[in-house]
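This briefing is meant for a reader who is meeting the structure for the first time. Please look over the sequence and the model, and then follow the points below.

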Amino acid sequence: MAQKKTLVVRQTGSAIRRPKDQVATLRGLGLGRIGRERALEDTPAVRGMVAKVAHIVEIVEERG
């Protein structure tokens with residue numbers, strides 16, 4: 001079985017004074033504080049969420 005691809009996403013900006021949908025997207029990614037990182041499965045849904053808050057997060061690493 002092939003290994004699943006993952007992304008490591010880090011929050012680089014604050015969620016303060018952001019629209020509620022962007023705050024909810026950060027929470028959905030498992031983020032919420034500057035500097036927090038999460039390893040997430042590389043799916044179109046996750047890529048879309050990252051794209052929505054691209055100004056607040058960065059992709060640190062792509063694995064797999």
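What is the relative accessible area of Glu 58, and does that make the residue buried, exposed or partly exposed? Glu 58 has a relative accessible area of 34% and is therefore partly exposed, since that class lies between the cut-offs of under 20% for buried and over 50% for exposed. The model is a predicted one, and the points below treat its strand pairing, its salt bridges and a patch of positive charge.

**Strand pairing**
- Strand E1, which covers residues 6–11, runs antiparallel to strand E2, residues 37–41, and 5 bridges join the two.
- Within this pairing, Val 9 stands opposite Arg 38 of E2.
- E1 also runs antiparallel to strand E3, residues 57–63, to which 6 bridges join it.
- Here the bridge partner of Arg 10 is Glu 58 in E3.

**Salt bridges between distant parts of the chain**
- The structure holds 7 salt bridges, and one of them is formed by the side chains of Arg 10 and Glu 58, with an N to O distance of 2.8 Å.
- This pair links distant parts of the chain, for Arg 10 lies in strand E1 and Glu 58 in strand E3, 48 residues apart.
- Arg 10, with a relative accessible area of 26%, is partly exposed.
- A further salt bridge brings together the side chains of Asp 21 and Lys 52, at 3.1 Å from N to O.
- That contact, too, links distant parts of the chain, with Asp 21 in helix H1 (residues 20–28) and Lys 52 in helix H2 (residues 44–52), 31 residues apart.
- Asp 21 is partly exposed at a relative accessible area of 39%, and Lys 52 also counts as partly exposed, at 39% relative accessibility.

**Another salt bridge and a network**
- Arg 47 forms a salt bridge with Asp 42, in which the closest N and O atoms are 2.9 Å apart.
- Arg 47 counts as partly exposed at 32% relative accessibility, and Asp 42 counts as partly exposed at 25%.
- Elsewhere, salt bridges that share partners join Arg 10, Glu 37 and Glu 58 into one network.

**Positive surface patch**
- Arg 27, Arg 33, Arg 36 and Arg 38 form a positive surface patch.
- Of these residues, Arg 38 has its place in strand E2, and because its relative accessibility is 35%, Arg 38 counts as partly exposed.

Note on methods: Residues are numbered from 1 along each chain as its sequence is written. This is a predicted model: local features need pLDDT of at least 70, side-chain atom pairs count only at pLDDT 80 or more; totals for chains, interfaces and linings use all residues. Side-chain values use heavy atoms; hydrogens and water are left out. Two strands pair if DSSP finds at least two bridges between them. Helices (H or I, at least four residues) and strands (E, at least two) are DSSP runs, numbered from the N terminus. Patches are made of residues with over 30% relative accessible area and no salt bridge: like charges are joined within 9 Å, nonpolar side chains (Val, Leu, Ile, Met, Phe, Trp, Tyr) within 5 Å. Accessible areas come from the Shrake-Rupley method with a 1.4 Å probe; for residues, only the protein chains shown count as cover. A salt bridge is a side-chain nitrogen of Lys or Arg within 4 Å of a carboxyl oxygen of Asp or Glu. Lys and Arg count as positive and Asp and Glu as negative; His and the chain ends are not counted. The place of a charge is taken as NZ of Lys, CZ of Arg, CG of Asp or CD of Glu. Buried means under 20% relative accessible area, exposed over 50%, partly exposed in between (1.4 Å probe, protein chains only).
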